[in-house]
Amino acid sequence: MNARFLLGALVLGVASVSLAQSGSLSLPPTFVAGSAFSLPTTGSGKAVFYIVGPGQALRRDVDLGEPVSFPAGTLYNAGHYVAILSSGASTETGQFDVVPAAQPEKISFLAKPSRLPVGLHNGISGAAYIFDAYHNLILKPLPVSFELSNQSSTVQARTVTTRNGVAWTEMDSATKQGSAKFVARVGDISSTRVIAEVPGDPCRLVMTARPDGKNVELQTAPLRDCGGNPVPDGTIVTFTESYNGMQSTVDAPLKQGIAKVEMPAYNGARISVASGVVAGNEIRWNGR
Amino acid sequence: MAKGILIAVSIGIATVLLIVIGTIWPVSTAVFFAGGPGLGGSASTPIAASRRLANEIHQHALAKAYSSLGNKAQFTEQEFVSDLTGSTLSLRTYATLDTYEVRPLHESANEAEIALRMHWSTVVGTFEETRDLHLVKNGDHWVVDWPLVKKPVVPPQVFAVNYLRWDVIYRGAGDDWGSQDVDAPHVRIIDMHPVNRAEGVVVLGELLNEDVVPAYVSVRATLLAKNGSVLASEDSFDKISHTLLPKQVTPFLIRFPGVDISQIASIRMDPISVLVSASADPVIEVQNQKFNGPPAASLNGQLSNQSGQIVNIAHVLTTFYDKNGQLVWVAGQYIDRALLPQTPVDFHIPVPADLAKNIANERTVVASYRSGSSD
Amino acid sequence: MMRRTLLMTCLLAMPLALAAEQPSVQVEPPNLHGSRTVESQTGAAVVRDYLESWQAFRTAMDQNRADLLSPDFAGTALDKLTETIHEQAAVGIHTRYTDRAHHLQIVFYSPEGLSLQMTDDAEYDMQVIDHDKVLTTQHMHARYLVVLTPAEARWRVRIFQSEPAATPAD
């Protein structure tokens with residue numbers, strides 16, 4: 001059978017008919033992902049129509065002379081494709097692209113870190129990849145708005161246009177601790193991440209001592225970072241007592257903002273306090 | 001033909017004879033390994049009586065050992081068993097007596113003192129224990145008076161605890177790209193120092209959890225040769241306190257047996273941290289630490305559990321510094337008994353004699369493990 | 001800049017040139033538009049892993065074996081390629097890709113280091129084979145936009161999408 005095929009396209013309901021010539025199919029250069037289309041054919045007899053690419057592989061049996069219809073949602077993965085119409089010994093081919101739909105449907109929002117100290121310039125970063133309903137990256141530039149808000153600080157907001165489907169930004173952590181919402185929005189879809197803005201190192205570490213029977217009771221003042229944020233409970237404070245060539249140490253966690261321990265009371269003992277790499281005051285115990 | 005039969009019959013008779021002799025007068029070693037009464041079945045001398053007791057402990061025949069004691073009226077069999085295996089779950093509970101040595105201290109016609117040094121095996125290595133046995137001659141044999149270490153009694157009391165712990169919810173297993181997860185804690189190596197020893201290079205250091213959440217930590221060191229190739233890579237294994245609370249510092253020690261420091265051009269350090277659930281309790285005080293210089297250099301001290309919970313296994317790790325604050329050595333010890341509340345337990349950490357002269361001060365941390373606790 | 005381009009091209013091309021079937025590879029310096037700087041080691045690892053992913057892609061598509069993809073692909077790319085292979089198997093075809101040239105450029109490295117975007121002006125031949133019959137052999141030229149994300153020991157391709165050659169990058 002020596003068939004000549006007429007192929008055209010009906011994209012989004014608009015017919016665009018082209019003739020196939022010399023074994024080469026004439027197709028529209030692009031289709032929109034997921035849209036319905038129809039390809040008229042000419043001639044008579046049976047044939048097989050293929051659309052093949054890295055994204056999809058479709059096959060349709062064709063009655064030549066009848067159009068080949070592809071309902072919405074049949075060809076949806078963006079990419080470069082080959083169309084093949086095979087009938088007996090005759091094969092005609094063409095190439096075309098499927099492009100992402102224009103409407104954003106999904107954001108993949110990579111926000112880092114999930115936790116950081118307060119007052120860090122550009123400490124928070126977010127990258128938003130914008131996809132259509134079929135998980136195709138939308139390459140057409142789109143405005144993405146980023147917003148970082150924390151109950152006790154002013155809102156940081158900026159709009160960035162996507163390039164190659166991605167928009168990114170950097171923002172400062174607030175000066176006050178708390179849970180911040182980091183939102184990326186494009187059109188009417190959005191994605192939210194929660195960023196914990198936590199206190200920094202203790203700024204001033206001060207302990208006091210008072211006698212308690214045979215022991216000395218040591219207690220820190222409420223610990224705060226240099227921005228006045230209370231250092232979180234559980235932070236380890238190390239108390240060290242040195243006396244007569246001997247030493248006692250306790251790693252005590254902050255509870256309700258303070259660390260408190262009892263150590264043996266030796267007159268003349270030196271008692272120091274530290275938390276991480278921050279050193280506090282030193283007391284020479286003389287019984288009072 | 002007749003000669004062959006004669007030889008076969010002779011061998012048969014000799015075999016039967018040897019079996020009979022072995023059954024009636026067995027060799028004590030064979031009896032011991034067969035689970036019988038053991039070596040030194042006789043108690044005709046103080047040494048033999050001590051050995052017999054040690055063998056019974058080795059075989060875990062504690063009822064038999066108890067029944068042989070001269071002072072068993074002073075304590076129950078259960079107290080004797082608790083003395084050897086621990087009254088609460090601890091390293092002793094699953095320890096086995098590996099070897100022992102007996103050393104006479106004093107002997108008269110009717111009394112003797114023997115030092116029994118026991119080497120126990122546990123999953124984290126061995127620990128040693130020496131008991132001074134008092135023996136009394138009773139007729140033609142000697143009996144051991146066991147020096148029972150009484151179980152400490154914690155006075156009834158109530159501890160007010162502001163229970164503080166962290167729980168973590170991680171993201172699910174699905175590969176939802178971009179979905180939120182919780183970051184690993186930020187940890188930092190604040191000191192690192194390689195030391196050349198006869199057995200190889202040892203990398204010492206300290207690691208700080210600078211985050212506000214607890215971390216499970218480990219450190220890997222990779223030795224690089226001058227041509228950039230990897231000489232060896234090891235991690236800190238158990239020479240580190242694996243759970244670090246916020247702003248807590250742990251020492252670490254990584255051994256590279258058979259490597260000389262001259263072979264090394266650089267060392268790559270990789271601290272590893274994972275966010276874990278943890279509890280801020282119990283607090284363990286390290287009391288009365290005293291460093292004893294050479295020749296038998298060691299750090300002695302006591303651990304005191306400040307909480308109301310029993311700590312089943314405690315691991316003491318000490319960093320030793322010179323007078324300039326530079327790292328000199330890291331050493332540690334597992335405590336074989338559980339830490340009861342407010343009950344001090346001794347520790348003893350040996351230090352290499354050649355390094356001891358450089359040591360000016362030290363810092364000790366305690367890692368603790370509690371039965372039934374996930375943190 | 002030019003010297004660096006040439007150097008990277010040579011470094012990558014030399015081992016590849018040893019095998020006649022290997023594609024030619026040209027790597028342009030990154031064009032990051034202010035995003036995170038790419039260390040040279042990272043850049044080299046990304047290019048190496050991406051080219052390896054093409055090998056896996058070729059074999060998987062030719063043998064209709066989706067299981068060969070998972071070391072090199074993740075997420076959407078893995079899902080879509082796997083689906084294509086299942087479709088190919090269902091309609092009784094397989095495809096033989098022979099990549100001839102890759103012209104690579106890193107265009108984005110996210111600040112937190114969790115994703116990296118690269119363009120690949122790729123030239124390749126594609127044979128569609130129905131059982132044993134070659135239906136067509138096509139020479140293709142497509143601009144691939146690839147997003148890679150770091151896994152335990154390598155970079156894996158997470159988005160593998162071509163766009164019409166006429167569409168400007170910016």
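In this predicted model, chain A and chain C bury about 3,600 Å² between them, with carbon and sulfur atoms giving 59% of that area. On the side of chain A that touches chain C, at least two residues each come from strand S5 (46-52), strand S6 (57-63), strand S8 (79-87), strand S9 (90-99), strand S10 (106-112), strand S12 (124-131) and strand S15 (166-171) of chain A. The residues on this side of chain A divide into 19 nonpolar, 16 polar and five charged. Counted over both partners, the contact takes 40 residues from chain A and 48 residues from chain C.

Turning to the specific interactions, 19 residue pairs are in polar contact across the interface of chain A and chain C, with both residues at pLDDT 80 or more. Salt bridges between chain A and chain C, by contrast, come to a count of zero.

The covalent cross-links are quickly told: the count over all chains is one disulfide. This bond joins A:Cys203 to A:Cys226, with an S to S distance of 2.1 Å. It ties together distant parts of the chain, 23 residues apart. A:Cys203 sits in the loop between strand S17 (189-198) and strand S18 (207-212) of chain A, and A:Cys226 lies in the loop between strand S19 (215-220) and strand S20 (236-243) of chain A. The link of A:Cys203 and A:Cys226 is right-handed, with 90° about the S-S bond.

The two cysteines also invite a look at their surroundings. A:Cys203 counts as partly exposed because its relative accessibility is 40%, whereas A:Cys226, at 64% relative accessibility, counts as exposed.

Definitions and conventions. Residues numbered from 1 in each chain as written. Chains lettered and ligands numbered in written order. Predicted model: local features only at pLDDT ≥ 70, side-chain atom pairs only at ≥ 80, totals over all residues. Heavy atoms only, no water. Disulfide = S-S within 2.5 Å. Helix = DSSP H or I, 4+ residues; strand = E, 2+ residues; numbered from the N terminus. Buried < 20%, exposed > 50% of the residue type's maximum accessible area, 1.4 Å probe, protein only. Contact = heavy atoms within 4.5 Å. Buried area = accessible area lost by both parts, 1.4 Å probe. Salt bridge = Lys/Arg side-chain N within 4 Å of Asp/Glu carboxyl O. Polar contact = N/O pair within 3.5 Å; in protein donor to acceptor, adjacent residues only side chain to side chain. Nonpolar A, V, L, I, M, F, W, Y, C, P; charged D, E, K, R; others polar.
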